[in-house]
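The following exercises concern helix packing and salt bridges. Please study the sequence and the structure before working through each solution.

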Amino acid sequence: MSCAISVLMPVLNGDFTHLREAINSILKQSFKDFEFLIVDDGSNQETKDFLADYAAKDERIVIITNPTNIGVGNSLNKGLESAAGRYVARHDADDVAHPSRLAKQFAYMEANPDIVLSCTTVNHIDMQGNKIGGYPVSTDSDVLAAELLLNSRLCHPSLMFRTKAIRDNGGYPVTKSAQDYLLYLKSLKAGFRFGGLDDPLVDYRINTESITRKNRGKQLSTAQAGSYEHVTRLVGSIDPQAFERFWFFVATQGQSSLRISDLKALRPLLSFIQQNPAYYQAWKGSFRYVSRNALEHSFSPSRLLTALYFRYKY
């Protein structure tokens, strides 16, 4: 049966306290025209029973069971294939959606037919649910696209997208990590526009035991490869070793090394950023912060020159 929104949440052996919060936050939404697709990616029997108990009490919940673990990317695509909603709203098994999240995001998407994907500002919470910060999202589509040049600043559990557009574009890339960032790059390549709601509609839990945190190295390498392909599509050929050092220099906030010679090799990219207002707006602050942080982390003549370069060029 068709509906307005399919909420899509993969689960693998969740913490029941957090999982209960996550599920209840969707069931208590002020917006009612949705189905809740929970993809059980080979969880243990205790988790299966926990999910089955919820499904028995609320007909909006649909459990999709993977006999064995097939990974996040495959699980998301399995849910996307089953989605009956015009929109898909992502949700994670340890995060909390504010009661008006679906209503506000649905209204935004309906009012902006040119937008294919949207995200919201999020609050950061700790394992006990205490607010420890947050991250705003830009409301400018051009800036949102520019921010995806080197990494993702969009919170995946706040994502809503048009089901048919993403499904027809092949869904999520099937990788072991960074599926969200690669989906965004794939969407940019297809010409899709992004939108942002600067309203904190999701509490994003900072979980030191999450799969994302444990696979941080693999995630960075996968994201770097995706970013390199995206950048060369925009600006042409760039020395891959110089780009890799630059990318990790930015990703680690200046804790990895960058050579002075890399700045020359990266001139096509750096000139592109300087000459395009949205990209300049998206990256000038980051470049200044990262180069300054690198200098404070460990002084060297090359780090000083790098900091001076970004200070006066950006």
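**Exercise 1: Helix packing**

In this predicted model, the axes of helix α13 (residues 277-297) and helix α14 (residues 301-313) come within 9 Å and cross at roughly 155°. Determine how α13 is oriented relative to α14, and describe the residues of their contact.

*Solution.*

Step 1. Two packed helices are described by the angle between their axes and the distance between the axes. Angles over 145 degrees count as roughly antiparallel. The crossing angle here is roughly 155°, and therefore α13 is roughly antiparallel to α14.

Step 2. The crossing of the helices α13 and α14 is left-handed.

Step 3. On the α13 side, the contact involves Tyr-280, Phe-287, Arg-288, Ser-291, Ala-294, Leu-295 and His-297. These meet Arg-303, Leu-304, Thr-306, Ala-307, Phe-310, Arg-311 and Lys-313 of α14.

Step 4. Sorted by character, the residues of this contact comprise seven nonpolar, three polar and four charged.

**Exercise 2: A salt bridge and its surroundings**

Lys-48 forms a salt bridge with Asp-40. State how far apart the closest N and O atoms are, and decide whether Asp-40 is buried or exposed.

*Solution.*

Step 1. The closest N and O atoms of Lys-48 and Asp-40 are 2.8 Å apart, and a salt bridge requires a separation within 4 Å.

Step 2. Buried means under 20% relative accessible area. Asp-40 has 2% relative accessibility, so Asp-40 counts as buried.

Step 3. Lys-48, with a relative accessible area of 24%, is partly exposed.

**Exercise 3: Links between distant parts of the chain**

For the salt bridges of Lys-104 with Asp-199 and of Asp-262 with Arg-245, identify the elements that are linked and classify the accessibility of each residue.

*Solution.*

Step 1. In the bridge between Lys-104 and Asp-199, the closest N and O atoms are 2.9 Å apart. The pair joins distant parts of the chain, since Lys-104 lies in helix α4 (residues 101-111) and Asp-199 in strand β9 (residues 193-205), 95 residues apart. Lys-104 is partly exposed at 37% relative accessible area, and Asp-199 is partly exposed at 24%.

Step 2. For Asp-262 and Arg-245, the closest N and O atoms are 2.8 Å apart. Asp-262 belongs to helix α11 (residues 260-265) and Arg-245 to helix α10 (residues 240-251), 17 residues apart. Asp-262 is buried, with a relative accessible area of 2%, whereas Arg-245 is partly exposed at 21%.

**Exercise 4: The wider set**

How many salt bridges does the structure hold, and which residues are linked with Arg-193 in a network?

*Solution.*

Step 1. The structure holds 13 salt bridges.

Step 2. Asp-114 and Asp-142 are linked with Arg-193 in a network of salt bridges.

Methods. Residues numbered from 1 in each chain as written. Predicted model: local features only at pLDDT ≥ 70, side-chain atom pairs only at ≥ 80, totals over all residues. Heavy atoms only, no water. Axes fitted to C-alpha atoms, helices over the stretch in contact; angles between N-to-C directions. Helix = DSSP H or I, 4+ residues; strand = E, 2+ residues; numbered from the N terminus. Parallel < 35°, antiparallel > 145°, perpendicular 65-115°, else oblique. Left-handed = near helix turned anticlockwise from the far one by under 90°. Contact = heavy atoms within 4.5 Å. Nonpolar A, V, L, I, M, F, W, Y, C, P; charged D, E, K, R; others polar. Salt bridge = Lys/Arg side-chain N within 4 Å of Asp/Glu carboxyl O. Buried < 20%, exposed > 50% of the residue type's maximum accessible area, 1.4 Å probe, protein only.
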